[in-house]
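Reader: I have a model to look at and some short questions about it. Can we take them one by one?

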Amino acid sequence: MPMLEDQLKLLKNTFDKYAGKDADKGSMSKAELADLLREEFPGMAGDKKQLDAFFTGLDGDKDGKVSFPEFVQFAATLLLMLMGSI
Ligand SMILES: [Ca+2]
């Protein structure tokens with residue numbers, strides 16, 4: 001499988017892994033996002049206030065959950081931050 005396709009599928013699988021923890025499998029709740037941060041980014045796991053701010057930033061349409069498109073935007077932003085572009 002081409003590497004980029006592989007990476008994109010990994011991104012979707014990661015989203016599905018955490019979004020699938022409650023009844024609403026198509027989006028991520030704040031609790032699911034907290035799980036993702038704790039498990040995938042142990043160094044970034046902050047307090048509740050930081051989580052609230054982070055969740056609000058991700059939830060672009062303000063419907064109280066993080067969809068896959070919103071998550072992809074987060075991943076792209078994170079990548080740019082890691083590359084030092086923003
Ligand atoms: Ca949303």
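What follows is a set of questions and answers on this predicted model.

Reader: How many helices and strands does the protein chain have, and which pattern do they follow along the sequence?
Author: The model is predicted. The secondary structure comes to four helices and two strands. Read from the start of the sequence, the pattern is α-β-α-α-β-α.

Reader: What is the radius of gyration of the protein chain, set against the globule rule?
Author: The globule rule gives 12 Å for 86 residues. The value for this chain is close to that, so the chain is as compact as a globular protein of that length. The radius of gyration is 13 Å.

Reader: What share of the accessible surface belongs to carbon and sulfur atoms?
Author: Buried residues make up 24% of the 86 residues. The accessible surface of the chain comes to about 5700 Å². The share of that surface on carbon and sulfur atoms is 63%.

Reader: Which helix gives the most to the largest nonpolar core?
Author: The largest nonpolar core has 15 residues, and those with the most contacts inside it are Met28, Leu33, Leu36, Val66 and Phe71. Helices H1 (3-19), H2 (30-40), H3 (48-58) and H4 (68-82) each supply at least two residues of this core. With four residues, the top contributor is H2.

Reader: What covers the buried residues of H2?
Author: The buried residues of this helix are Glu32, Leu33, Ala34, Asp35, Leu36 and Leu37. Leu33 is in contact with Met28, Leu51, Phe54, Phe55 and Leu58, leaving aside neighbours within four places in sequence. The cover over the buried residues of H2 includes H1, strand E1 (27-28), H3 and H4.

Reader: Is Ser27 buried or exposed?
Author: Ser27 lies in strand E1. Beyond four places in sequence, Ser27 touches Phe15, Ala19, Glu32, Lys65, Val66 and Ser67. The cut-off for a buried residue is under 20% relative accessible area. Ser27 has 6% relative accessibility, so Ser27 counts as buried.

Reader: How many Å apart in space are Ser27 and Ser67, C-alpha to C-alpha?
Author: In sequence, Ser27 and Ser67 are 40 residues apart. Ser27 also touches Ser67. From C-alpha to C-alpha, the spacing is 4.5 Å.

Reader: Which residues coordinate the calcium ion?
Author: The donors follow the spacing D-x1-D-x1-D-x1-K-x4-E along the chain. They sit at 2.2 to 2.6 Å from the ion. Lys65 gives its O atom, and Glu70 appears twice through OE. The coordinating residues are Asp59, Asp61, Asp63, Lys65 and Glu70.

Reader: Is the site of the calcium ion octahedral or irregular?
Author: Six donors count as octahedral if opposite donors are over 155 degrees apart and all others between 65 and 115. The angles among the six donor atoms here run from 52 to 157°. The low end falls outside those limits, so the site is irregular.

Reader: Is Lys65 buried, partly exposed or exposed?
Author: Lys65 is a calcium donor through its O atom. Partly exposed is the class between the 20% and 50% cut-offs. Lys65 has 34% relative accessibility, so Lys65 counts as partly exposed.

Reader: What is phi of Lys62?
Author: Lys62 is found in the loop between H3 and strand E2 (66-67). At 55% relative accessibility, Lys62 counts as exposed. Its phi is positive, in a residue other than glycine, with a value near 55°.

Conventions: Residues numbered from 1 in each chain as written. Predicted model: local features only at pLDDT ≥ 70, side-chain atom pairs only at ≥ 80, totals over all residues. Heavy atoms only, no water. Donors = N, O, S within 2.8 Å, 3.2 Å for Na, K, Ca; no water. Tetrahedral: all angles 85-135°; square planar, octahedral: opposite > 155°, others 65-115°. Buried < 20%, exposed > 50% of the residue type's maximum accessible area, 1.4 Å probe, protein only. Core = buried A, V, L, I, M, F, W, Y, C linked by side-chain atoms within 4.5 Å. Contact = heavy atoms within 4.5 Å. Rg over C-alpha atoms; globule rule 2.2 N^0.38 Å. Areas by Shrake-Rupley, 256 points an atom, 1.4 Å probe, with all protein chains shown as cover.
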